[in-house]
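Q: I would like a close look at one part of this model, a pair of strands, and then at how the rest of the fold is put together around sheets, helices and buried side chains. Please keep to what can be read from the structure.

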Amino acid sequence: MSKALRILPMPTGSGIGDVLPHLREALDGSGAAWLPIPTNNRREARRLSDALSAGEPIDDDVALVVTTSGTTGVPKGAMLGAAALRASGVATHERLGGPGTWLLALPTYHIAGMQVLLRSILAGTEPTVLDVSGGFLPEAMAGAIAGMRGERRYTALVPTQLIKILDTPVAAAALAELDGVLVGGAPTPMPVYERARAAGIRVVRTYGMSETCGGCVYDGVPLAGAQVRIQDGRVILGGAVIASGYRNQPEHPAFADPGWFRTEDAGTLDHGVLTVTGRLDEAITTGGLLVIPQVVEAVLLNHPAISEVVVLGLPDERLGQRVVVAVVPAAGAAPSLAELREHVVAELDAIAAPRELALLDEIPLRGPGKPDRAKLREYLLTDSTP
């Protein structure tokens, strides 16, 4: 260890250009080890800096330490090497059909936004930046896309952004002009995916995390250099894109097998195509049986009265946990618990049907676009605003 982990404040808007030279050095392995932190959230920046030991020594082969998207407990920072970052970017361009220009519409201290910048550097192009520090405005997408240059044009989004774009015709039409739209950070509901494809948008559903340099499985198929295996129902990822471990956690069991990362996701592999069925750490045990929330969510999203949905378990004296559903209704709709239970029972076992319903204006999010289940759970238990 001959270098220290240095803080890299990640600006928004036109200020992004200031950090590109440091990221170029990170990609070629010649620069410092950087810890990206937000510039518009001092509390989070201090939390990351303290927990991940900014200023302290770190292995020479680490280029970036990128936080995972968890918001509780001690933050975990994936240690990513230059070779892994390059492998991810090269494989992405290969899968998409070649290098191009990228539109940044995500926070850059998380891996999805960071990768937009790194891919731009690898492609030798300048990123087009949509400032989302004040929130994501789909109407601004059209103007940003119109300003993009180059033979091939790409962007990366989270599902909630895609939903807002689909509800804004001018933004949806502009997005359909791009050669590829990576959507990840959280599962893309099938109705949203089908709606986007029907609108002519070239959606690519991505699966990955900070520990794998971002998305490493596109539409169920691993990128070149990435590997997938299933062990006891758990998704295990390997290959050139895997982090060397977590900062300050050298014995973490997720990296017990060198070159592989043990996820907390359940999944199946059929003829080389991965299907992620849910989170192992979010499974609901109700009446002695196991319910995977994402399976129930997928069924409920086919109900015409539902725009967004999250299923989770709450403590129950009789059942251990009861299945609860938080719903953002479709415009003008007001679904009832009885009709949602009937809808679920038509496709799944009755044990998976929700026993409680909360109607919300929006789903609280964490990280780049995942539902904040902890905040939802607190709201449902205390009846406070999420």
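In which sense do β13 and strand β14 (residues 234-239) pair, and over how many bridges?

A: The model is a predicted one. In it, β13 and β14 (residues 234-239) run antiparallel to each other and are joined over six bridges. One position to look at in this pair is Arg229, which stands opposite Ile236 in β14. As background, the strands of a sheet pair through backbone hydrogen bonds, either parallel or antiparallel.

The pair belongs to an open sheet of four strands, in the order β13-β14-β15-β16, with antiparallel pairing. Its edges are β13 (226-231) and β16 (273-279); each of these has a single partner strand, so one side of each is left without a neighbour in the sheet. From one strand to the next, the twist of this sheet averages 55°.

There is another open sheet to set beside it. This one has three strands, in the order β19-β20-β21, and its pairing is mixed. Here β19 and β21 are the edge strands, and because each has a single partner strand, one side of each is left without a neighbour in the sheet. The twist in this sheet averages 25° from one strand to the next.

The mixed pairing can be followed strand by strand. β19 and β20 pair in the antiparallel sense over 10 bridges, and with three residues between them they form a hairpin. Within that pairing, Glu308 has Val328 of β20 as its bridge partner. β20 and β21, by contrast, are parallel, with four bridges between them. There, Val325 has Leu357 of β21 as its bridge partner.

What lies over these strands? Helix α10 (residues 337-345) lies across β19, β20 and β21, and its direction is at about 120° to that of β21. Strand β19 is mostly covered, with eight of its 11 residues buried.

Helix α11 (residues 373-382) also packs in this region. Its buried residues are Arg373, Leu376, Tyr379 and Leu380. Because they cover an arc of only 120° around the axis, they sit on the same side of α11. An α-helix has 3.6 residues a turn, so residues three or four places apart point the same way. The elements that cover the buried residues of α11 include α9 (293-300), β19 (306-316), β20 (320-329), β21 (356-359) and β23 (370-371).

Next, the nonpolar cores. The largest nonpolar core has 65 residues, and those touching the most other members are Leu23, Leu64, Val65, Leu80, Leu85 and Leu237. Helix α4 (residues 111-123) gives the most to this core, with six residues. A second core, separate from this one, has 26 residues, among them Ile165, Ala174, Tyr193 and Ile201. Leu64 shows the packing in detail: leaving aside residues up to four places away in sequence, Leu64 touches Leu23, Ala26, Trp34, Pro36, Ala78, Met79, Leu80, Leu85, Met114 and Leu118.

Polar side chains are buried as well. Gln115 lies in helix α4 and is buried, with a relative accessible area of 1%. Beyond residues up to four places away in sequence, Gln115 touches Leu85, Ser88 and Cys213. Gln115 and Cys213 are 98 residues apart in sequence, while their C-alpha atoms are 7.8 Å apart in space. Gln161, found in helix α6 (residues 159-166), counts as buried at 7% relative accessibility. Apart from residues up to four places away in sequence, Gln161 touches Ala105, Leu106, Phe136 and Ala156.

The contact with Cys213 leads to the cysteines. A disulfide is a covalent bond between the sulfur atoms of two cysteines. A search of the whole structure finds zero disulfides. Why is Cys213 unpaired? The closest cysteine sulfur, in Cys216, is 9.0 Å from that of Cys213, which is too far for a bond. For a disulfide, the two sulfur atoms would have to be within 2.5 Å. Cys213 is buried, with a relative accessible area of 0%, and Cys216 counts as buried at 1% relative accessibility.

Definitions and conventions
Residues are numbered from 1 along each chain as its sequence is written. This is a predicted model: local features need pLDDT of at least 70, side-chain atom pairs count only at pLDDT 80 or more; totals for chains, interfaces and linings use all residues. Side-chain values use heavy atoms; hydrogens and water are left out. Buried means under 20% relative accessible area, exposed over 50%, partly exposed in between (1.4 Å probe, protein chains only). A nonpolar core is a set of buried Ala, Val, Leu, Ile, Met, Phe, Trp, Tyr and Cys residues joined through side-chain atoms within 4.5 Å. Helices (H or I, at least four residues) and strands (E, at least two) are DSSP runs, numbered from the N terminus. Contact means heavy atoms within 4.5 Å. Two strands pair if DSSP finds at least two bridges between them. Axes are lines fitted to C-alpha atoms, for helices over the stretch in contact, and angles run from 0 to 180 degrees between N-to-C directions. The arc is that of the directions from the helix axis to the C-beta atoms.
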